[in-house]
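Trainee: I am new to this structure. Please take one strand and look at it closely, then place it among the other parts.

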Amino acid sequence: MTRTIQQLRTDARLIFDAGIASVDPVAAVQKTVTRQGDFLSVAGEVYDLRQYAHVYVIGAGKAGATMAQGLENVLQDRLTAGAVTVKYDHVAPVTTVTLHEAGHPIPDAAGVRGAEAMMHFAQQAGENDLVFCLLSGGGSALSPAPSAGITLEEKQQFTSLLLACGASIDEINTLRKHLSRLKGGQLARLVAPARLITLVLSDVVGDRLDVIASGPTVPDASTFTDCREIVARYRLMDQLPPSIRSHLQRGCAGQLPETPKAGEPMFDRCQTVLIGSNRIALQAAAQQARDLGYPPLVLSSSIQGEAREIARVHAAMAHEIRQSGLPMSPPVCVLAGGETTVTLLGQGKGGRNQEFALAAAMDIDGLEGVVILSGGTDGTDGPTDAAGAVADGATARRAQALGLNPEEVIQRSDSYSFFNALDDLLFTGPTGTNVMDIYILLVG
Ligand SMILES: Nc1ncnc2c1ncn2[C@@H]1O[C@H](COP(=O)(O)OP(=O)(O)OP(=O)(O)O)[C@@H](O)[C@H]1O
Ligand SMILES: O=C(O)[C@H](O)CO
Ligand SMILES: [Mg+2]
């Protein structure tokens with residue numbers, strides 16, 4: 001049976017949607033945390049709610065509201081109170097938890113108030129209490145608790161510097177952890193001796209729990225010495241606000257306590273569960289592909305690199321599958337995920353997924369029975385209202401007919417206008433989740 005291009009496009013969209021649905025925060029929390037009467041089951045661990053006087057919820061991240069909603073649905077009357085910080089407008093219907101809307105990616109005063117509220121519940125919780133911590137992408141900027149002597153303004157200035165210097169997220173968060181009163185395992189210190197369950201939705205390649213939202217409840221292996229090296233690597237020393245420079249210097253001189261390390265007894269009372277990730281989304285997408293009659297091949301959930309280069313690799317796979325049936329003969333669905341980057345060449349409008357689809361379109365020009373979809377799971381690709389775009393072997397020719405030259409469009413970094421003109425943008429609206437991006441190659 002050969003499928004039409006329209007069929008392949010429809011199926012690619014169904015496969016993408018299945019990936020997103022599997023990491024929907026409300027559903028993911030309710031799948032991980034289940035309750036039967038007085039018993040709570042969390043990824044295999046059982047908690048007897050009769051042993052806990054209070055149950056609190058704290059957390060930070062763009063998916064905080066929907067994660068809290070899922071947890072409220074499970075805990076119902078057993079939830080005492082809570083404070084979760086989310087990005088402005090990233091709200092959801094919750095009843096017991098207080099949502100603090102705050103600034104991202106530059107922290108603001110509302111974020112500081114949210115972090116204070118979180119620390120308040122963490123400290124208030126005693127030996128007979130249970131605390132849930134909900135973490136997702138954006139959690140670092142949304143939980144500013146600058147160390148003593150550092151002002152919010154200095155933290156803001158420092159954040160702008162960090163985001164622009166080219167450092168990776170684990171380098172950025174290593175610095176954040178050493179300038180904070182709650183990041184890098186320090187929140188777990190405040191929660192002790194209460195029992196702590198952390199639910200995590202990963203937005204970083206590799207899903208490192210000590211990196212996501214700056215790992216406030218897990219051991220931190222990094223040190224002040226690492227901070228000094230990162231500052232040197234990106235030549236930041238001269239630009240640091242004086243209070244931050246002196247804080248890091250005192251830390252390196254052993255005058256400040258280090259972040260909590262693995263093996264500290266308080267971590268015995270902590271459970272941490274990854275409830276959503278790019279890999280989980282890819283696995284769900286693979287299942288949907290199988291159901292639609294495309295044997296799936298999942299390549300990797302850790303794709304990184306320049307979007308147009310990664311796209312060319314996908315186009316090359318499409319050619320190979322068509323020509324030789326390697327590594328699999330059609331029908332097949334090749335799935336990958338991760339987060340690419342775009343070196344901007346022009347002043348146009350676009351996103352990394354739209355640029356991916358554009359570069360792919362150029363390389364699969366004329367190829368039959370091939371569709372490539374690239375989309376951000378948060379539904380927002382770059383500064384646009386589209387999640388990504390879809391390309392096939394006729395895309396480049398259809399564009400030429402409209403007077404659009406794909407090569408020129410890449411030079412202008414204008415992928416949004418390109419796919420908008422073709423009506424091939426991918427729209428989902430904000431999905432409430434974020435596990436990076438998904439790339440789907442369908443050969444029918
Ligand atoms: N015209 C453009 N063409 C292609 N990519 C672009 C363009 N303008 C911005 N981008 C890319 O969009 C990305 C920023 O997108 P976005 O705001 O979604 O951030 P993000 O990295 O996804 O962060 P978050 O996790 O907060 O969503 C950057 O990688 C940037 O290079
Ligand atoms: O908040 C953060 O630190 C980033 O989004 C990575 O999780
Ligand atoms: Mg995004």
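Mentor: What follows starts with one strand and then moves outward to the ligands and the other sheets.

The model is predicted, so to speak of local features pLDDT of at least 70 is needed, side-chain atom pairs count only at pLDDT 80 or more, and totals for chains, interfaces and linings use all residues. Residues are numbered from 1 along each chain as its sequence is written, while chains are lettered from A and ligands numbered from 1 in the order in which they are written.

The strand is E12, residues 370-376. Helices (H or I, at least four residues) and strands (E, at least two) are DSSP runs, numbered from the N terminus. Seven of the seven residues of E12 are buried, so the strand is largely enclosed by the rest of the structure. Buried means that 20 or more other C-beta atoms, placed from the backbone, lie within 10 Å of the residue's own; with 12 or fewer a residue is exposed, and in between it is partly exposed. In a regular strand the side chains alternate between the two faces of the sheet. In E12, Val 370, Ile 372, Ser 374 and Gly 376 point one way, Val 371, Leu 373 and Gly 375 point the other way, and all are buried.

E12 has partners, where pairing requires that DSSP finds at least two bridges between two strands. Seven bridges connect E12 with strand E15 (residues 437-443), and the two run antiparallel. Strand E13 (residues 388-392) also pairs with E12 in the antiparallel sense, over five bridges. Ile 372 faces Leu 441 in E15 and Ala 391 in E13.

UniProt, in an unreviewed entry, lists residues 332-437 as "domain: MOFRL"; its positions are given in the numbering used here, feature names are shortened, and annotations may be inferred rather than shown by experiment. Over residues 332-437 the chain is 32% helix and 24% strand, with the end C-alpha atoms 20 Å apart.

Next come the ligands. Ligand 1 is surrounded by 18 residues, of which the closest are Val 342, Gly 350, Glu 355, Gly 382 and Ser 413. A residue is near a molecule if its C-beta atom, placed from the backbone, lies within 6 Å of it. The shell of ligand 1 has three nonpolar, ten polar and five charged residues. Here Ala, Val, Leu, Ile, Met, Phe, Trp, Tyr, Cys and Pro count as nonpolar, Asp, Glu, Lys and Arg as charged, and the others, Gly among them, as polar. Around ligand 2 are residues including Gly 137, Ser 140, Ile 169, Asn 173 and Asp 203, and its shell divides into four nonpolar, six polar and one charged. Asn 173 is also one of the buried residues of helix H6 (residues 169-177).

Two open sheets remain to be placed. One has six strands in the order E6-E5-E4-E7-E8-E9, with parallel pairing. Its edge strands are E6 (97-102) and E9 (270-276), each pairing on one side only. Within this sheet, six bridges join E7 (residues 129-135) to E8 (residues 195-201), and Cys 133 has Thr 198 in E8 as its bridge partner. The other has three strands in the order E1-E2-E3, with antiparallel pairing. E1 (33-36) and E3 (45-48) stand at its edges with a single partner strand each, so one side of each is left without a neighbour in the sheet. E2 (residues 39-42) is joined to E3 by four bridges, and Val 42 stands opposite Glu 45 in E3.
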